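Dear colleague,

I am writing to hand over the structure shown below. Please look through it before reading the notes that come after it.

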Amino acid sequence: MMAVEQSAENEKEAGEVDSELLRPSRRGLFGLLGAGAAGLALGGGGGAALASHLAGGSEAPDSGSVPFHGAHQAGIVTPAQDRLHFAAFDMVSGSGREELIALLRDWTSAAERLVRGQEVGTGIEPSNALLPPDDTGEATGLGAGHLTLTFGLGRRLFTGREGASDPDDPFGLRSRLPRAFEPLPSFAFDLLDATQSGGDLCVQACADDPQIAVHAIRNLARIAVGRAHLSWSQLGFGRTASTSRRQDTPRNLFGFKDGTANVMAEDTASLEQHIWAGAEAPEWMRGGSYLVARKIQMTIESWDRASLDEQERIIGRTKREGGPLSGGAEFDQPDFEAAVPAGDTEEPMIDVAAHVRLAHPDHNGGARMLRRGYNYVDGSNGLGQLGAGLFFISFQRDPETFVRVQRSLKPDLLNEYIRHIGSGLWAIPAGVQPGGFIAQALFE
Ligand SMILES: C=CC1=C(C)c2cc3[nH]c(cc4nc(cc5[nH]c(cc1n2)c(C)c5CCC(=O)O)C(CCC(=O)O)=C4C)c(C)c3C=C
Ligand SMILES: [Fe+2]
């Protein structure tokens with residue numbers, strides 16, 4: 001026990017120890033000797049930890065690490081980190097069930113290390129210097145940065161390629177398709193770009209540091225080579241939702257607080273009711289969820305020319321405090337019946353086409369989702385306009401929730417300033433157990 005603590009203590013400084021191996025300082029040497037001594041006292045275990053150090057990894061999680069294993073995948077109710085790298089992958093044609101399972105196993109092993117702030121595989125030093133290192137190295141020394149990796153399965157894995165002649169069931173999953181996993185319909189005003197939509201698999205990498213999230217996707221893409229390829233990805237730089245009451249509400253690129261009325265981690269009853277798939281779902285999906293991603297371009301230059309009154313009318317909340325226009329503070333309930341006299345008649349304080357009215361559960365049969373989106377800026381278009389917007393992500397027990405809310409946003413005043421340009425829907429299987437792999441129950 002003492003020896004385990006000792007090796008864990010040493011491993012806390014794994015990044016330091018690794019670099020110190022190349023240029024051993026007194027402190028580095030002492031750390032290694034300490035680990036070595038502990039290894040001798042322990043026998044195999046401590047020795048393995050030292051061997052792991054020498055191989056460029058550490059076995060103890062970094063203090064900023066979020067556990068990978070659990071009943072649900074991390075990265076849903078985890079307090080939203082500030083950085084995103086979202087990636088969609090397509091299985092290479094000709095690959096089948098065996099390749100898919102092998103890929104999910106390999107991604108699991110890599111993810112278990114990455115979220116602990118460890119290098120993948122044998123790290124940045126290969127066993128043979130003539131070979132490329134297993135890990136690309138740019139996150140070495142950065143720690144875990146609260147990295148979460150959330151894996152999703154696209155509908156095509158179950159249904160086969162569109163237009164392919166029956167029986168096209170390359171992954172043997174046709175009979176496992178959940179009833180709720182219907183494709184998203186097209187919505188009014190959609191201007192979707194196929195090169196930024198869909199995918200057989202998705203990985204949502206969130207972290208405190210963009211380099212950690214980018215490193216994770218890059219290394220998962222390398223591991224996938226020959227089985228799946230990266231089809232598109234999106235960087236996000238500022239969370240646009242809180243997923244815990246402990247977090248302050250952030251702002252989107254329209255400058256409004258976003259994520260106020262979200263389903264929060266502390267609200268376990270709402271999570272059970274609205275976010276986690278339950279008895280209605282096949283067993284492998286229970287405890288999972290559905291992820292909808294929408295890349296929504298925001299015409300921020302025209303928004304910036306709208307008056308404050310107009311901006312607040314469109315959203316239905318005040319810009320500074322985020323309180324409902326019917327009165328009260330940020331977390332007070334909006335009163336959609338509240339009205340003010342206007343000539344001979346009355347005018348609702350929250351416009352009939354304000355975003356929060358149309359998106360509110362009262363307007364959608366009680367439907368609720370957990371929003372976890374990010375701001376993005378992809379550069380500019382050469383006409384003085386930023387390619388900027390919201391990479392909207394929501395988790396819900398049934399994709400129908402998103403469909404319902406998005407349909408009710410048809411008359412939304414916001415639509416004049418936004419365009420949906422990318423879209424995807426993935427089934428997010430339940431969490432991974434130690435020794436298991438992503439979506440294991442689907443293949444049993
Ligand atoms: C289909 C779902 C939604 C899309 C797409 C969407 C896009 C979108 N939203 C904002 C800004 C805000 N949204 C706010 C609230 C809000 N939005 C949705 C759903 C979608 N938004 C919901 C369910 C809610 C909560 C409604 C409620 O229960 O009151 C707010 C207000 C603050 C908040 O509660 O988060 C803002 C601001 C933008 C800019 C946008 C597309 C670019
Ligand atoms: Fe919204």
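The paragraphs below set out what was found, beginning with the annotated domain and ending with a hairpin.

Please bear in mind that this is a predicted model. An unreviewed UniProt entry lists residues 249-432 as "domain: Dyp-type peroxidase C-terminal". In the model, that span is 19% helix and 27% strand, and its end C-alpha atoms are 30 Å apart.

The surroundings of the ligand come next. Ligand 1 is surrounded by 26 residues, and the closest of them are F256, T260, A261, A359 and L390. Two or more residues of this shell come from each of β6 (289-298), α11 (355-359), β11 (386-396) and α12 (399-408). Sorted by class, the shell contains 16 nonpolar residues, 6 polar residues and 4 charged residues.

Strand β6 deserves a closer look. Of its 10 residues, 9 are buried, so β6 is largely enclosed by the rest of the structure. Which strands pair with β6? One is β12 (residues 418-428), which is antiparallel to β6 and joined to it by 10 bridges. Another is β11, also antiparallel to β6, with 8 bridges between the two. Residue A293 appears in both pairings: it stands opposite G424 in β12 and opposite I393 in β11. As noted above, β6 and β11 also each give two or more residues to the shell around ligand 1.

Helix α8 (residues 268-275) has a buried side and an exposed one. Its residues L271, H274 and I275 are buried. These three lie on the same side of α8, because they cover an arc of only 95 degrees around the axis. In an α-helix there are 3.6 residues a turn, so residues three or four places apart point the same way. A269 and E272 are exposed, and they sit on the face of α8 turned away from its buried side. What, then, covers the buried residues of α8? The cover includes β6 and β11, together with β9 (370-371).

The remaining feature is a hairpin. Strands β7 (residues 339-342) and β8 (residues 345-348) run antiparallel and are joined by 4 bridges. Within this pairing, P341 stands opposite E346 in β8. The hairpin that β7 and β8 form has 2 residues between the strands, and G343 in the turn has a positive phi of about 65 degrees.

With kind regards

How values were computed. Residues are numbered from 1 along each chain as its sequence is written. Chains are lettered from A and ligands numbered from 1 in the order in which they are written. This is a predicted model: local features need pLDDT of at least 70, side-chain atom pairs count only at pLDDT 80 or more; totals for chains, interfaces and linings use all residues. A residue is near a molecule or strand if its C-beta atom, placed from the backbone, lies within 6 Å of it. Ala, Val, Leu, Ile, Met, Phe, Trp, Tyr, Cys and Pro count as nonpolar, Asp, Glu, Lys and Arg as charged, and the others, Gly among them, as polar. Two strands pair if DSSP finds at least two bridges between them. UniProt positions are given in the numbering used here, feature names are shortened, and annotations may be inferred rather than shown by experiment. A residue is buried if 20 or more other C-beta atoms lie within 10 Å of its own, exposed if 12 or fewer, and partly exposed in between; C-beta atoms are placed from the backbone. The arc is that of the directions from the helix axis to the C-beta atoms. Two residues are in contact if their C-beta atoms, placed from the backbone, lie within 7 Å.
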